[in-house]
Structure formats: structure tokens, C-alpha cells
Amino acid sequence: MVELWADRDWRVIGNCPLMTTLPLYLQPIPDALERGFEACDQAPPTDPYTALLQRLRVEHVPFTVLWEMTHRCNLQCVMCYNVPRPQPELSTTEGLNLLGQLAAAGTLRLMLTGGEILTRPDFFTLAERARALGFALDLKTNGTLLTPALADQVATLTPVRVDISLLGATAATFDAVAGSHDTLRRVLRGVRLLQERGVHVKLNTLLLNLNVAEQQQMFALAAELGVTYEQTIKISADDDGQPRAANHQLTRAQITAALRAAEFSFMPKARTADSRTCSVGQSSCLISPYGVVYPCIELRLPAGDLRRQSFADIWSNSPLLNSLRDRHTWANLPECQVCRIQAYCEGRCAGLAWKEHGDLYGGHSLACQQAQARFAQLHPDEPIPETPLQVMINVQ
């Protein structure tokens, strides 16, 4: 899908002047900030936008930044990974300063998320400034707080898209996942308010054991609404590493069934020593509500603190980021490189490996299960091999 970015705003991105009136190919979006496995995969360039992203990774330009503006939220979703801190979140002044630093560093794509972004009283002050600086804005909201007036304000930001979670196809299921009441109706109202104003909406579903029975109903609902739609299966451990929602993760059998039901296409991938499982640290990062810079949304090891350092200093000089840029290749993943089903793995994540075992370069159980599900999807009559991580766990 081709999205046109309408403003005339010259930026030098990776030594390349990029005029944002040019078409940007923004669907699907191949960067490492999404929590879905597919977003972390690195495919060969198939269009100009993907080729540009790969060039920016090589040049280490912070093209994409995800800013968690707040951890406040009006919902209590069972799989939420945010861990609020007692310290104050970035103030309006600090946020405005941050936006200027990101623009100077070459960031073009800015994702604003939470918590719930609309719980910040200064959200539109910050978002309008970001828009004035020429950022391509992606907004992530649960949609329940949208009113006609707020939807009007969102539309004036001309976001590339607004992401909203679809957590069930029935009111009871949605409420059970969201920890709220009357949630589905309020979300659908928000979706329609944005659509009426010409805003591109994308719905995202994290499949859990609480909602997987409604998988096909959710596909049908998204089709009825006429929105872009994606389903993922990865429950993330909390930001402090605690697997509080692990009991809602699909089993391997459920993952295999979900892949087959969705008719996801997949081809095994050949890898070399220089292959990367994701682009962590190369051209994107995460900024927390408290000004801490992290390599990505999963990897909550601090690269720096914006209350003590400039963004440019952190991005260029962080030992953690520079190590990930140099070492995060297949040659440095000892368990994965000897795995018999490595070609079926598209979900290995440094952040989840660190949360599970404290090892940035190890495997993690969910990626192994997904690789096995992919293998079973393509080889339904063959025994499913164990991964080296599973063998090691079973031996222990």
C-alpha cells in the first residue's frame, strides 16, 4: 500500500535528501519496533522504502523512534507489559526539547504510544509540534476515549495511521482481556469516528487463550470495517522481566492451528553468519515516559538517559547500542546457529532472550515454539524437532 506524505519538508536522511512529498511504502512496515515477530524479520528489498530502511540501518540513522509518552491508561489489559515508575514522566518542556533533538538527529518516522496517549493533557501540544517538525506520525491508542472533537484533532495531525487493538469479537471477551466494561462498543465507536474523518486505521490483535476462539470472527469484523488488520501471537514479559501474562500465551498446538486458520504464507529462510534476526540498535529505538532510551520495545536495558545526556550522544556513543550493531548477527547466536529448524524461525528476539535467560545472544522459548509451529505448518506428517534451547532446558 502506498501512502503519500503531503508536506514539503526537506530532510537529509542518511546523507540522502528525502523530500516527504515522495511516496513512502508504509505497509507492511519492516522495522524492529513492533511487538509482532514478522516486523522484526529482515527481507530483501522489494520496494524503494524498504531499500531506504536497509541503507539507514547500515548508516545507523535513527530513522524510526517509538516514544512511550505515558504509562497511564484507562484500561487494565491482562497482557500489558508497562511497569510504571514513581518518578515523573517527561514534562511538556522536556517533550518539546526531545522532539527538536530527534528532528536534528534525522528521525522521520515517530510513533507515539503509551499507556494511553490521550490521558496526557498535553498530548496535542506535543503531537502538533511533532507534526510541525515534519515527522511522519503513527499513533497508538485504545480508541475508547475518542469523541467527535478529539477525532477532529487527531485528523488535523494527518497521521500516517492510527493503531488500535482488537482484543475480541464479542463484548464479553473484549472486556475480559481489557479489564474494562463496554470496551468493544467504545473501541468500534472510536474506529468509526476516525474513519469518518479519513484517518487510516489499523487494527491489531494479540491472540491469547482468552480470544483465540474468536480468531475468524475478528477477521470478519476487520473486513466489515474495511481496515488494515494484523494478528500476532507474542505475549511480552513485563518491562521488569516478570512473565505475569505467560499463562495466557498460546500453546504450540494453538499457534500451529492459528497459523493454518489465518493461511499465513511462509517460506523457510537461508541464513549466513552475517544474517541478523532483527535490526535492533541500527535505525530505531524506544524512549520511555521517563526519558530513558532503550534499544527497542522488548529490550529494556538502558542505553542512556535524556535527563543527563543528549539524544545524539546516546545514539552515537552508547556501548550497548554499538555492541548490538556489531554483534547481533547469526555468527554470535550459538544456540540458534546449530538449530535444526533455524530456517523456520522468524521470531528470535534479543529482548525476550534477555528477559527469559539474561542472555542477549541466546534463544527463547516462544521463538522455538513458533519455529516448530511453522515446521508443522509445512510438514504436518513429520516429527517436530526440538531446538537446542529446549534440549538444554529438558536436560536441566
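This short talk walks through a few local features of one predicted model, going from two helix pairs to some unusual backbone angles.

Let me begin with glutamine 215, which sits in helix α7, the helix that covers residues 215-225. Is this residue buried or exposed? Its relative accessible area is 5%, and because buried means under 20%, glutamine 215 counts as buried. If you look at its surroundings, and leave aside residues up to four places away in sequence, glutamine 215 touches Leu207, Gln231, Ala258, Ala261 and Ala262. With one of these, glutamine 231, there is also a polar contact, made from side chain to side chain at 3.0 Å.

The three alanines in that list take us to the next helix, because Ala258, Ala261 and Ala262 belong to α8 and take part in its contact with α7. Helix α8 spans residues 252-262, and it packs against α7 at an angle of about 35 degrees, the two axes being 10 Å apart. The crossing of this pair is right-handed. On the α7 side the contact is made by Gln215, Gln216 and Phe219, and when the residues from both helices are sorted by class, four are nonpolar, two are polar and none is charged.

Now please turn to a second pair, helix α2, residues 92-105, and helix α3, residues 123-132, whose axes are 10 Å apart and meet at an angle of about 15 degrees. How are α2 and α3 oriented to each other? Angles under 35 degrees count as roughly parallel, and therefore α2 and α3 are described as roughly parallel to each other. Here, too, the crossing is right-handed. From α2 the residues Thr92, Gly95, Leu96 and Leu99 meet Thr125, Leu126, Arg129 and Ala130 from α3, and by class this contact holds four nonpolar, three polar and one charged residues.

Let me move on to α5, which runs over residues 171-178. Which residues of α5 are buried? They are Thr173, Phe174, Asp175, Val177 and Ala178, and what covers them includes strand β8, residues 161-165, together with helix α6. Directly after α5 comes glycine 179, with a positive phi near 60 degrees.

That brings me to the backbone, where a general remark helps: most residues other than glycine have a negative phi, and most peptide bonds are trans. Against that background, aspartate 182 deserves a look, since its phi is near 60 degrees, a positive value in a residue that is not a glycine. You will find aspartate 182 in the loop between α5 and α6, the latter covering residues 183-196, and with a relative accessibility of 28% it counts as partly exposed.

Histidine 60 also has a positive phi, of about 60 degrees, although it is not a glycine. This histidine lies in the loop that joins α1, residues 48-59, to β5, residues 64-68. Histidine 60 has a relative accessibility of 29%, and so it counts as partly exposed.

My last point concerns a peptide bond. Which form does the bond from glycine 114 to glycine 115 take? In this model it is cis, with omega near 20 degrees, and glycine 115 itself is placed in the loop between strand β6, residues 109-113, and helix α3, the helix we met earlier as the partner of α2.

Key: Residues numbered from 1 in each chain as written. Predicted model: local features only at pLDDT ≥ 70, side-chain atom pairs only at ≥ 80, totals over all residues. Heavy atoms only, no water. Helix = DSSP H or I, 4+ residues; strand = E, 2+ residues; numbered from the N terminus. Buried < 20%, exposed > 50% of the residue type's maximum accessible area, 1.4 Å probe, protein only. Polar contact = N/O pair within 3.5 Å; in protein donor to acceptor, adjacent residues only side chain to side chain. Contact = heavy atoms within 4.5 Å. Axes fitted to C-alpha atoms, helices over the stretch in contact; angles between N-to-C directions. Parallel < 35°, antiparallel > 145°, perpendicular 65-115°, else oblique. Left-handed = near helix turned anticlockwise from the far one by under 90°. Nonpolar A, V, L, I, M, F, W, Y, C, P; charged D, E, K, R; others polar.
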